Amino acid sequence: MPNLFEALCKFQTMRIVKIIIVTLILFNILPIMAQNGKITGRVYDKKNNEPLPFTNIIIWGTTIGSTSDLDGNFTFTGIEPGYVRLAATSVGYEDYVSEDILVTNAKSVYIEIPMTEKTIQLEEVVVKASPFRKPLESPLSLRTLDISEIEKNPGGNRDISRVIQSLPGVASSVSFRNDVIVRGGGASENSFYLDGVEIPNLNHFSTQGASGGPVGIINVDFIREVDYYSGAFPASKGSTLSSVFEFKQIEPNKDKMNFRATLGATDLGLSLNGPISEKSGLLLSVRRSYLGFLFDVIGLPFLPTYNDIQLKYKIRFDKKNELSIIGLGAIDQFNLNTGIEDPDESQRYILGFLPVNEQWNYTIGAVYKHFRDNGFDTWVLSRNYLDNRAYKYLNNVEVDSLKTFDYVSSEAENKLRYERNIFASDYKINMGAGANYARYTNNTFQQIFTDESETIDYNSKLDVFSWNIFGQVSKKVFKERLTLSLGVRMDANNYSNSMSNMLDQFSPRFSASYALTEKLSLNFNTGRYFQRPPYTALGFRSNSGELVNKDNGLKYISSDHIVAGIEFLPDENSKITIEGFYKHYRDYPFSIRDSINLASKGGDFGTFGDEEVISASEGRAYGFEVLAREKDLYGFNIILSYTFVRSEFQDKNEVYIPSAWDNKHILNLTVLRPLKRNWDIGAKWRFVGGAPFTPYDVMKSSIRPAWDVQNIAYLDYDRYNSERTGVFHQLDVRVDKQYFFNKWSLNVYLDVQNLYNFKLQQQDFLTNLDENGNPNIDPATANLPYEQQRYILRSLANESGTVLPTLGIIVEF
């Protein structure tokens, strides 16, 4: 799929810039009204939810303070609007620093502060309050982004899926996709949670079986912070090999219902946040894109439209019991604009191979928490569903004889997870179990060409029941200098004998952190992690109906991790880490048809894994990361990260060759700065080393029957990933201006991607059409039978990159 944003912005760049200049001039002369922001909240004991009275809370970096009452409640009034943090101290508890909070005049902000009880008084190492958190079970490979860094991320355009690509160790595929590529792992090796509910589909127009897509589904209006694990995964988080993302939402406002309207580059949105009753509250947002209308007006060959909805309902029955309902859904429609008059070469090429695609999906979950004297229980019941449809006709003439592709598939999962958290003496214990009943269906008709024309035509229906158990114990010893954590997890399912024994998926993990001083520590983790292959692979059948991959003994994929690093905290606002990592993969699915490892697939639109595979490949990814974070260097918030990574998997001769994610060098620098009069500026520079690619098999591609079944060139897998693109680098900038009035607020921002207009030369396209759009059949074969005819193929330049300006408006009332 072409770059949706580039296509739109090429048309209207100058027009938008003119509108932006005029808009900012007009808004700059508006008066700024009274500063009367309000923060309310509750302080409680993390282990049992009991309120903590007489806790001192201050606004971080100031002397403005408050004290909690007997019920743990506190209030700040008359606060200057903007982003603030809260710091809390209480006798017998560890000091706490909150994530960033956006204060406005339009609403009161509600926050809950969990406090952790101290076990002993330190004698040699004194740990001060810091915004950088370090869980016992994951002392390294954990990064956190708060809302200020998400909302104002340059180039992110308020798309959380795009923002996370600037995190350490995360590479991107191409500029218009949101694939998450972590430490050389594949796009399908990640898992995502929204307030504890697993969400398999993070993007609109997602790749089934993987995670990527062009636009994120999650609305950042409700996100307060994101925890990103690139290693040291907690035992409670399964089915992941490369990363875990936990998206945490804000709490519903308790005072009154507030509304926020947004206008961005591609969509319109409306969200609400407020109380439903004295004990309950609601977050709800809806968004709809207007790309289909705009693309039709400007004559682009594709017409995408997406819609999404997100909700959180929370009720606290009493201080020991609470329930949250989490929902996320999307409807995506993608049609071809075949009515273009006199299309150019690029438009003809796109119309020739791109299928019509429609998707809809949802996740709905309930999270129930019951607090005990020494811990709490969590029950998570959820259901997620994906419906994916695509079809293609030769020359887009919709008659059955010209159909080359017809795909209808669905995935439904019903999950139950129980967790018990115990805080006993010096120990933190987490244990639990889970179950998942899934149904996968697939009706596929596809014409393919190997050595001759073939047809894949099968219907598949598959029910899979999965189960797991897990436990983790963490403890601080040696006067809390040394933190140790040991976890175990086991997964299994009833798909086949090769997956049904939990002991075959025995997944231990161990972490250690030693504080040399109060500012310097050594960290270590090792573990073995397992992931079930995608349902598309489990449910693939032959034309005669056999479950081919079940007969091939398909197994869970495993990855052994070793991570070690050093962490230095120069002061309360600064953090420097260096980590080395090594991952070794076993039993990775290997494509029978293409003779390559599936790890390099999943970074394109369509589906991933629906082919015959065997669990026979090994791989490795290794390198190191350097991260420097400074939250307040003369007012600048700076994130600098560099990753060196090699990613290699075995080919059909069991020789290690580069994977598609072997970028070698990844450098990200993000700088944010608030200015006077509620202005904010930011810049992000990203550098990614050249990505491997596979040359075309020109001889095979020129065969007329071969070309006609897919209208795109075939790759020469005997030379798989033998060439590389040039390096990619891009500068994004963003300027925000906020206005805080008595009862409403306004935020106008200008986000410009690729400011200096860098253009990446990628592998050229091949087309079978001449300059006039006619099939270019080789005259020497024109009189031969159809099966022996060949096309004369031409190259079309494939250049990616243009200046992409976006004007955004956010109104809150």
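These questions and answers cover cores and strands in a predicted model.

Reader: Which members of the largest nonpolar core touch the most other members?
Author: Nonpolar side chains tend to be buried together in soluble globular proteins. The largest nonpolar core here holds 29 residues. Elements α3, β13, β17, β18 and β23 each supply at least two of its residues. The members touching the most others are I150, I160, I218, F245 and F247.

Reader: What does I218 touch, leaving out residues up to four places away in sequence?
Author: Contact here means heavy atoms within 4.5 Å. On that basis, the partners of I218 include R287 and Q310. The full list is I160, I199, L202, I223, F247, R287, Q310 and L328.

Reader: How many residues make up the other core, the one with Y407 and L462?
Author: This core lies apart from the largest one. Y535 and V613 are also among its members. Its residue count is 20.

Reader: Which residue of β9 is the bridge partner of I39?
Author: Strand β1 spans residues 37-45 and pairs with β9 in the parallel sense, over 8 bridges. On β9, S108, Y110, E112 and P114 point one way, while V109, I111, I113 and M115 point the other. Both sets are buried. The partner of I39 is V109.

Reader: Which strands sit at the edges of the open sheet with β17, β18 and β13?
Author: The sheet has 5 strands with mixed pairing, ordered β10-β17-β18-β13-β14. An edge strand pairs on one side only. The edges are β10 (142-146) and β14 (197-198).

Reader: What stands opposite Y193 in β14?
Author: Strands β13 and β14 run antiparallel. They are joined by 2 bridges. Opposite Y193 stands E198.

Technical notes
Residues are numbered from 1 along each chain as its sequence is written. This is a predicted model: local features need pLDDT of at least 70, side-chain atom pairs count only at pLDDT 80 or more; totals for chains, interfaces and linings use all residues. Side-chain values use heavy atoms; hydrogens and water are left out. A nonpolar core is a set of buried Ala, Val, Leu, Ile, Met, Phe, Trp, Tyr and Cys residues joined through side-chain atoms within 4.5 Å. Buried means under 20% relative accessible area, exposed over 50%, partly exposed in between (1.4 Å probe, protein chains only). Helices (H or I, at least four residues) and strands (E, at least two) are DSSP runs, numbered from the N terminus. Two strands pair if DSSP finds at least two bridges between them.
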